[in-house]
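The following exercises concern the chain pairing, the helix packing and selected residues of one model. Each task is followed by a solution in steps.

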There are 2 protein chains.
Amino acid sequence: MPEYNTPVRDIQFVLFEMLNAEQHYQSISAYQEINRELLSAVIDEAAKFADEVLAPLYQVGDKEGCTWTPEGVTTPTGFKEAYQQYVANGWPAMSEPEELGGQGLPHSFGGVINNEIVGTANWPWGMYPGLSHGAKVTLRTHGTEEQIQRYVPKMVEGAWTGTMCLTEAHCGTDLGLLRTKAEPNPDGSYNITGTKIFISAGDHDLSENIIHIVLARLPDAPEGTSGISLFVVPKFKVNDDGTIGERNNVNCGAIEHKMGINGSATCVLNFDGARGYLVGEPNRGLPAMFTFMNSARIGTAIQGLCTAERAFQGALEYARERLQMRSLSGPKNPEGIADPIIVHPNVRRMLLTQKAFAEGGRALMYWLGQHLDIAHSDQGDKSKASDDLLSFLTPIAKAFLTETGVEAANYGVQIFGGHGYIKEWGMEQIVRDGRIATIYEGTTGIQSIDLLGRKVLGSGGELLKNYTKIVHLFCKEHADNEAMQEFIEPLNAMNQEIGELTMQIGAAAMENPEEAGAASVDYLMYSGYFVLAHMWAWIAFTAIQALESDAAEADFYNAKLATARFYYQRLLPRTLAHKAAMLSGASNLMTLPEEHFEF
Amino acid sequence: MPEYNTPVRDIQFVLFEMLNAEQHYQSISAYQEINRELLSAVIDEAAKFADEVLAPLYQVGDKEGCTWTPEGVTTPTGFKEAYQQYVANGWPAMSEPEELGGQGLPHSFGGVINNEIVGTANWPWGMYPGLSHGAKVTLRTHGTEEQIQRYVPKMVEGAWTGTMCLTEAHCGTDLGLLRTKAEPNPDGSYNITGTKIFISAGDHDLSENIIHIVLARLPDAPEGTSGISLFVVPKFKVNDDGTIGERNNVNCGAIEHKMGINGSATCVLNFDGARGYLVGEPNRGLPAMFTFMNSARIGTAIQGLCTAERAFQGALEYARERLQMRSLSGPKNPEGIADPIIVHPNVRRMLLTQKAFAEGGRALMYWLGQHLDIAHSDQGDKSKASDDLLSFLTPIAKAFLTETGVEAANYGVQIFGGHGYIKEWGMEQIVRDGRIATIYEGTTGIQSIDLLGRKVLGSGGELLKNYTKIVHLFCKEHADNEAMQEFIEPLNAMNQEIGELTMQIGAAAMENPEEAGAASVDYLMYSGYFVLAHMWAWIAFTAIQALESDAAEADFYNAKLATARFYYQRLLPRTLAHKAAMLSGASNLMTLPEEHFEF
């Protein structure tokens, strides 16, 4: 397995140079004391932990997987010790509110540390604290004060972890079909009965207790999505003094054997009259769950860039070392038996694709992180604008970055050639682990319908316009900058075009709603390339500015410019194919009768 | 795991309706007695064996994998019994010459039966007889009469199998670097010493003996590719009377743990002064190996369509059964809890993509098979023309069908949602197994350089023109057919365009050879979509003809037309992206210095 190092310089570039994080945080009242020095020190610490503790367990976790017995799930060798160290270092508390025992660092910075840095080093391990974060946020947002005090501080500390229990065997996407029952007890609690599947971190040996957030139906609840309520169901009941009480009737019945993320336990959880407590209003579970869902989608989008970055680093190391054939333009390593394969244009094409997706994705996710901070900061219209922007960009980020992450991971295997296919070399694991990301937390198809149907057409185009206005201002700002024109011209053209395409599809969808579904995935992918073009133009501008003022790291900034050019010239033209496909109409999909797909 | 059935009707359609196999075979002297009745009976038998014996072992092979001990490799449960049945049924002998114990059926038909039908049911199992076929052909073509008589009849019978030993740890693509030595003995034999890796079927328990074809260097051989010779090295020495003698000094030192094709043993073979015999001329091993290589590339291209077909069948079954959400245009299954997911446009988009690649790929491979027959049939200019066509189309078929096969397999996982990621459901295995196909027998990058550099530019455009002439005639033939214009117009336009693109890239490559490398993969993918467009136009014509004359199976033929339309409207526009990328030039790939890819 190639060595892995957190890309600290790239993280700093996006955070401090492109996005002026210091200024951003200081504009939000809760974060006014945050400065670059502090953040840099935390990044360095996290990178050290990720590189030295988590990354070496990545392959171990895949090889061993988790082990199930009727007593529960055991995680792979080293996972528990790493988690103890993680807790001892205070990482779970980092971006949690101080009044619940947290350190009060910004949410967006939590994304950098606990999603990206942890996740690139070892995504399956990171899912344990990751799911816990989702459960924490849901309880904090929708729980009673008593519920918050009972569960959240222990989760902030990391002594307890949490899960989100949504899926059942017959329903994943379509949660309206779920059947798990919640029957009221005289004391105000509920007995929860049903079977949940695909519960990440549903059982394990890392923490003392596991707090499940469970979707279930009250008696007489309306059918469908408006009859779903949210419950908190601890693995061990919690006494009034906060100590751990007796075992609750929730048990892990099995773990799944999966394509990847083997270090992460994916559990079947049997709730057999387990004691649970209603969180929020009856029958309002699904809207409450969307608090979690949106943050989970952002977390999963980050998995896309983690996948691309991890594959890029491995492939780059190999491409520099592996000697095979000579350069088309004459030997570059005449003393060696052959040239390193990085001399070959096609190997560079694959490496640059990985790099463009990883670095462009990072820029997008950090930018979204800043808007998350603003959306949560109670700044009235400004917060509302950020929230609207997130509504539009979240499905794009989730689907586009995970799809391109899988592409990047596959290039990692491809650059290694036959060795890429062998487990020992570590590259095929990245493909298998990354592959789940286009599925969970809403598939690419679901994100696409959410984007085009619910967000864009559903808002009468408003949510799109909010974003194109931002791009318009960006283009206007750089209209006179000669050096930026190779980026601004195509970006500006697409900024017009996406509006026109949307109108065309919207008009067709008024006649026939299948038209929206038929266009949706190509529309999302088109939008993804467009948004990443915005990021790469912004990165290019940041680099150009730095080159004008600071010659010290010219190589670094020139590499950003070269990658921006690669992105615009080689990857952005993929929008041509998506445009043609999305305009081709629903009839080429809908005409063939179901029973004639095969004979 | 979804049920698998050999797509017999589709096979018959391409063979007998589109490609007039009966007429084709009867035009070749060796095959004049072949008729449709005979071929159909063989297809039915093979389908029965594939569906009932091989397909049920597909998942078993993945789960158990192969087992290595110092005594050798044991294949998964059932593999040996299936092989015995395969031999008892005479399948290994089917398309071998009668004088060597074969049944003399055409090579192209061998591809249908022993590659496609066997391989779709269970590709990893099929690799044992598959590699054996490559070794057989190499010996038949380049061995002495004595060598042929000693080894080949037993391999035709299936009692012995064979391998191809090329790769070493430090060289896969770049065989000029290989180090395995061959030292002459006084009796004319050689002692072979070296370590070969990635040897498929290098050791196993299916056959009594394994005949290795090995690339090695004679003492004083020139460096590089012109110093490589070919040897035959049996696992057990063969006595003059044809019986099995003592063990030779070739041993399996380990097997690889891979992403997929776990049922296929991928061996490290240690040759420790093993007794071997020169095959063909000294130092002419690499050209001799190309006999095998071309047929292996065609075999691997078929893996692409097998992968797409297998994933399509599984996904289709699930898409018809899985109930989730309602159709955008109103419930289609109002009595059920939800509609089957095949009502959703995006699910149909994925299914039709799989279908278009599988069926279009089948048409291409069967057409190439006919040209293989002609190329081998000693018909002078006609054979030469087929050989030239194969030179051009083989790298396209190999790379394009395997890349699109992987895409199709990933849609199989995607359509299953979370269940697709779980091993038990059988879909993720198809991705893992199919993934090797873009790597072995020359990666996509290598095929692309072979196509653009060696074949197209290397022939001064001749090999391309031979093909575009065929497409031109096809378009001319259908120029007055109103019903065909939706296909003929874009096909004809691309037929012009590919010539122009080639000239443009050729001119750039004269100035800078990196331009060819930089354009190569996009050029190949563009060519692949173009060639498949030719196939789909041909399929459409066949369907239109049938609809005009025979109403009995109108649904079947209308489905072909619907799929052709889908291909032209939804998939063919991808050429727009490949065109733009290939014309973007080498500088966006070559400018960034190697040491500045990361900081």
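**Exercise 1. Two residues with positive phi**

Phe198(A) is found in strand β5 (residues 190-200) of chain A, strands being DSSP runs of E with at least two residues and helices runs of H or I with at least four, numbered from the N terminus. The model is a predicted one, in which local features need pLDDT of at least 70 and side-chain atom pairs count only at pLDDT 80 or more, while totals for chains, interfaces and linings use all residues. Residues are numbered from 1 along each chain as its sequence is written, and chains are lettered from A and ligands numbered from 1 in the order in which they are written.

Task: Determine whether Phe198(A) is buried or exposed, and carry out the corresponding assignment for Asn20(A).

Solution.
- Step 1. The phi angle of Phe198(A) is near 60 degrees, a positive value in a residue other than glycine.
- Step 2. A residue is buried if 20 or more other C-beta atoms lie within 10 Å of its own, exposed if 12 or fewer, and partly exposed in between, with C-beta atoms placed from the backbone.
- Step 3. Phe198(A) has 25 C-beta neighbours inside 10 Å and therefore counts as buried.
- Step 4. Asn20(A) is located in the loop between α1 (8-18) and α2 (21-26) of chain A, and its phi, near 45 degrees, is likewise positive in a residue other than glycine.
- Step 5. Because Asn20(A) has 15 C-beta neighbours inside 10 Å, it counts as partly exposed.

**Exercise 2. The relation of the two chains**

Task: State how many residues of chain A are in contact with chain B, and establish by what turn chain A can be laid on chain B.

Solution.
- Step 1. Contact requires that the C-beta atoms of two residues, placed from the backbone, lie within 7 Å.
- Step 2. On this basis, 80 residues of chain A are in contact with 80 residues of chain B. Helix α16 (residues 554-571) of chain A supplies the largest share of the side of chain A that touches chain B, eight residues.
- Step 3. By class, this side of chain A has 38 nonpolar, 23 polar and 19 charged residues. Here Ala, Val, Leu, Ile, Met, Phe, Trp, Tyr, Cys and Pro count as nonpolar, Asp, Glu, Lys and Arg as charged, and the others, Gly among them, as polar.
- Step 4. A turn of 180 degrees with a shift of 0.0 Å along the axis lays chain A on chain B with an RMSD of 0.0 Å; the superposition is by least squares on the C-alpha atoms of residues with pLDDT of at least 70 in both copies.
- Step 5. The two copies are therefore related as by a two-fold rotation axis. The same surface serves both, since 100% of the contact residues of chain A recur in chain B.

**Exercise 3. Packing around helix α15**

Task: Describe how α15(A) packs against α17(A) and against α14(A).

Solution.
- Step 1. The axes of helix α15 (residues 514-549) and helix α17 (residues 574-582) of chain A come within 8 Å and cross at roughly 155 degrees. Axes are lines fitted to C-alpha atoms, for helices over the stretch in contact, and angles run from 0 to 180 degrees between N-to-C directions.
- Step 2. This crossing makes α15(A) roughly antiparallel to α17(A), the term being used for angles over 145 degrees.
- Step 3. Among the residues that meet are Tyr523(A) and Phe530(A) in α15(A), and His578(A) and Met582(A) in α17(A). The contact divides into eight nonpolar, two polar and three charged residues.
- Step 4. The axes of helix α14 (residues 485-511) of chain A and α15(A) come within 10 Å and cross at roughly 165 degrees, which means that α14(A) is roughly antiparallel to α15(A).
- Step 5. The contact of α14(A) with α15(A) divides into 17 nonpolar, two polar and one charged.

**Exercise 4. Helix α10 and Thr402(A)**

Task: Characterise the surroundings of Thr402(A) and the packing of α10(A) on α12(A).

Solution.
- Step 1. Thr402(A) has its place in helix α10 (residues 381-415) of chain A and, with 31 C-beta neighbours inside 10 Å, counts as buried.
- Step 2. Beyond its neighbours within four places in sequence, Thr402(A) is in contact with residues including Thr300(A), Gln303(A) and Ala437(A).
- Step 3. α10(A) packs on helix α12 (residues 444-457) of chain A at an angle of about 155 degrees, with the axes 9 Å apart; α10(A) is therefore roughly antiparallel to α12(A).
- Step 4. The contact of α10(A) with α12(A) divides into five nonpolar, four polar and four charged residues.

Key
Angles under 35 degrees count as roughly parallel, over 145 as roughly antiparallel, 65 to 115 as roughly perpendicular and the rest as oblique.
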